[in-house]
Amino acid sequence: MSRNERTYPDEASGPFPEPPVSFADREDREIAIRPYEDADFEPVVEMYADFDPADRAQGIPPATESRIRDWLDVLLEGLNVVAWHGDRAVGHATLVPDEEAYELAIFVHQEYQRAGIGSELIRALLGHGQANDVEKVWLTVERWNHAAVSLYESVGFETSGAESFEMEMALRL
């Protein structure tokens with residue numbers, strides 16, 4: 001699907017909380033989400049380097065540290081938020097600009113999944129986007145990833161296209 005064919009919902013979603021945001025996850029761990037800062041680079045690289053290969057989707061995150069660094073350089077051109085447990089980066093979400101909108105990607109370290117962090121991380125990222133005049137957001141997700149699809153739908157994403165094994169979803173802020 002070309003970018004020009006992508007459709008977005010008529011109604012805006014939100015409002016979403018602007019980071020910084022703090023909360024206790026389902027494991028009662030204190031999690032803080034804040035906008036990315038340059039000093040966060042090495043802890044975020046460490047999080048991705050420790051990512052379980054089984055949790056990689058669509059080839060990301062990359063598998064080697066040098067590729068992770070190159071990939072992050074591209075992602076960091078957009079808007080980014082990082083979830084922290086103490087001084088450990090445990091989640092990262094990004095809005096990467098394209099011609100007319102922003103592509104969303106979100107990653108939560110496997111030791112912190114299914115604890116509510118992804119929901120808070122995506123809401124904080126969208127709040128960060130709203131505060132920075134982002135209007136349209138899209139993403140792709142493997143259609144069998146029901147947990148991710150439910151998460152995206154819960155914040156207002158709607159299916160805007162589908163290929164054989166992945167679907168595209170879009171949201172208006």
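I took buried to mean under 20% relative accessible area, exposed over 50%, and partly exposed in between, with a 1.4 Å probe and protein chains only. By that rule Tyr 152 and Phe 157 are both buried.

The model is predicted, so I kept local features to pLDDT of at least 70 and side-chain atom pairs to pLDDT 80 or more, while totals for chains, interfaces and linings use all residues. Residues are numbered from 1 along each chain as its sequence is written, and side-chain values use heavy atoms, with hydrogens and water left out.

**Aromatic pairs**

I counted rings of Phe, Tyr and Trp (its six-membered ring) as a pair if their centres lie within 6.5 Å; planes under 30 degrees apart are stacked, over 60 edge-to-face, and the rest tilted. The whole structure holds 6 aromatic pairs. In one of them, Tyr 152 and Phe 157, the ring centres are 5.8 Å apart and the planes stand at 65°, so I logged the pair as edge-to-face. Another is Tyr 48 with Phe 51, where the centres are 5.7 Å apart and the planes at 40°, so this pair is tilted. Tyr 48 and Phe 51 are both buried. I also noted one aromatic cluster, formed by Tyr 48, Phe 51, Trp 71 and Phe 107.

**Helix H2**

Helices (H or I, at least four residues) and strands (E, at least two) are DSSP runs, numbered from the N terminus. Trp 71 led me to H2, residues 65–75, whose buried residues are Ile 68, Trp 71, Leu 72 and Leu 75. They sit on the same side of H2, because they cover an arc of only 100° around the axis. The arc is taken from the directions from the helix axis to the C-beta atoms. With contact set at heavy atoms within 4.5 Å, I listed what the buried residues of H2 pack against: helix H1 (41–49) and strands S3 (79–85), S4 (88–97) and S5 (102–108).

**Helix H4**

I then did the same for H4 (146–154). Ala 148, Val 149, Leu 151 and Tyr 152 are buried there. Their arc is only 160° around the axis, which puts them on the same side of H4. The face turned away from that buried side carries the exposed residues His 146 and Ala 147. The buried residues of H4 pack against S5, H3, S6 and strand S8 (166–172). Just after H4, Gly 156 takes a positive phi of about 115°.

**Largest pocket**

I searched a 1 Å grid over the protein atoms alone: a pocket is an open set of points with protein on both sides within 12 Å along at least five of seven lines, whereas a cavity is a set where a 1.4 Å probe fits but cannot get out; lining residues have an atom within 4 Å of a point. Grid points are joined across faces, edges and corners, and the volume is the space filled by probe spheres set on the points. The largest pocket comes to about 1000 Å³. Of its 35 lining residues, Ile 106, Phe 107, Asn 145, Ala 148 and Tyr 152 are the closest to the centre. H2, S4, S5, H3 (117–131), S6 (136–142) and H4 each supply at least two lining residues. S5 gives the most, with 6. I sorted the lining into 21 nonpolar, 8 polar and 6 charged residues. Here Ala, Val, Leu, Ile, Met, Phe, Trp, Tyr, Cys and Pro are nonpolar, Asp, Glu, Lys and Arg charged, and the others, Gly among them, polar.

**Single residues**

Glu 103 is in strand S5 and is partly exposed, at 31% relative accessibility. Leaving aside neighbours within four places in sequence, I found Glu 103 in contact with Thr 94, Leu 95, Val 96, Trp 138 and Thr 140. The C-alpha atoms of Glu 103 and Ala 170 are separated by 9.1 Å, at 67 residues apart along the chain.

Ser 13 lies in the segment before S1 (21–24) and is buried, at 15% relative accessible area. With the four-place neighbours again left aside, its contacts are Gln 130, Val 155, Gly 156, Leu 171, Arg 172 and Leu 173.

**Backbone entries**

The peptide bond from Gly 14 to Pro 15 is cis, with omega near 5°. The bond from Pro 19 to Pro 20 is also cis, with omega near 15°.

Asp 28, in the loop between S1 and S2 (30–35), has a positive phi near 65° and is exposed at 66%. Arg 114, in the loop between S5 and H3, has a positive phi near 60° and is exposed at 68%.
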